[in-house]
Amino acid sequence: MPQKVAFVGLGVMGGGMAANLARKGFDLAVFSRTATKAAPVTALGARLAGSAAEAAHGRDVVVLCLPATEDVAAVLFGDGGVAAALSPGSTVIDTSTIDPVASRDFAQKLAADGIAMLDCPVSGGQKGAADGTLSCMVGGPADVLDQVRPCLAAIATTIVHIGDNGAGQVAKACNQICVAANMLGASEAVALALSMGVDPGRVREALRGGAANSTVLERHAARLIARDFTPGFRARLMEKDLRIAVAAMTRTGVYAPVSAGIHQLLKALVQTGRADLDWGAVGALIQELSGIRQVQP
């Protein structure tokens, strides 16, 4: 019998994931603080609940996709939280990107009530969420992952069990470090081309054929050159992700000059009024700091 699933959080990523669960025929209840975001999913047969707890009641699996650690804590354990509505034997899958230490604490607290938890942050962006081609980095018991794998297979083509609870969040921090470092490299390359009077589009075309090619060069650099900062992944969320990564490295004594510097640039991007632009707008900030004057985003 298909698992009964609840999905809480229908933003840019969550909406796409929930829609794919509905398309795969799961018995799906959804909740979003902005009810209008549920319309595309309810059109596919999902039921809109009046609260997170109502969505979770009687469900085998609850999937969360929320902005930050404090949001996950509130939805799980706050007034009318999900944890109180779940029965022993159910599972929480948290696809949010949050602090790995907090994620481990949440899992332990739920386990005391017989509820399993997987931290399962994802990579692949808005397109991957819409297409069901995300990559899932999973922390938690392997047997629990086996039980809920059909749910994850509806949203992802790559599902990797990283280790115990919290390990998925560590992997996501590593992912964001690599992606952000690539983006800053591409941003500086575009700025150099512009400063020397060379067409950055032609430079990108050449780089795509060699060792410098990457997903960032394919997607984000093209948008930077076109100065298209329509949000796919908002700057404030990438700043939050790098803040989590830098905090983890600080706690563990990892020398992190690249990540710390990128975080400061993302923080500046947010604090200059561009928190809700796509995070690739950091490339525009690099150009401004370089004295390159173009139309501002």
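## Exercises on cavities and cores

The largest cavity is lined by A186, A189, V190, A193, P200, V203, R204, L207, L217 and A221, a cavity being a set of points on a 1 Å grid over the protein atoms alone where a 1.4 Å probe fits but cannot get out, and lining residues having an atom within 4 Å of a point. The model is predicted, with side-chain atom pairs counted only at pLDDT 80 or more and linings using all residues. Residues are numbered from 1 along each chain, and hydrogens and water are left out of side-chain values.

**Exercise 1.** Work out how the residues lining the largest cavity divide into nonpolar, polar and charged.

*Solution.* Begin with the classes: Ala, Val, Leu and Pro are among the nonpolar residues, whereas Arg counts as charged. The lining then divides into nine nonpolar, no polar and one charged residue. Next, turn to the helices, where α9 (167-195) and α10 (200-207) each supply at least two lining residues. Finally, the volume of this cavity is about 70 Å³.

**Exercise 2.** Find which residues L21 contacts beyond its neighbours within four places in sequence.

*Solution.* Take contact as heavy atoms within 4.5 Å; with those neighbours set aside, L21 is in contact with V5, F7, F26, L28, C151, A154 and I155. Then place L21 in the largest nonpolar core, of 35 residues, where L21 is one of those touching the most other members, together with F7, M17, L28, C136 and L152. Such a core joins buried (under 20% relative accessible area, 1.4 Å probe, protein chains only) residues of nonpolar types through side-chain atoms within 4.5 Å.

Conventions
Buried < 20%, exposed > 50% of the residue type's maximum accessible area, 1.4 Å probe, protein only. 1 Å grid on protein atoms, 1.4 Å probe; cavity = no way out; pocket = protein on both sides within 12 Å on 5 of 7 lines; lining within 4 Å. Points joined across faces, edges and corners; volume = space filled by probe spheres on them. Helix = DSSP H or I, 4+ residues; strand = E, 2+ residues; numbered from the N terminus.
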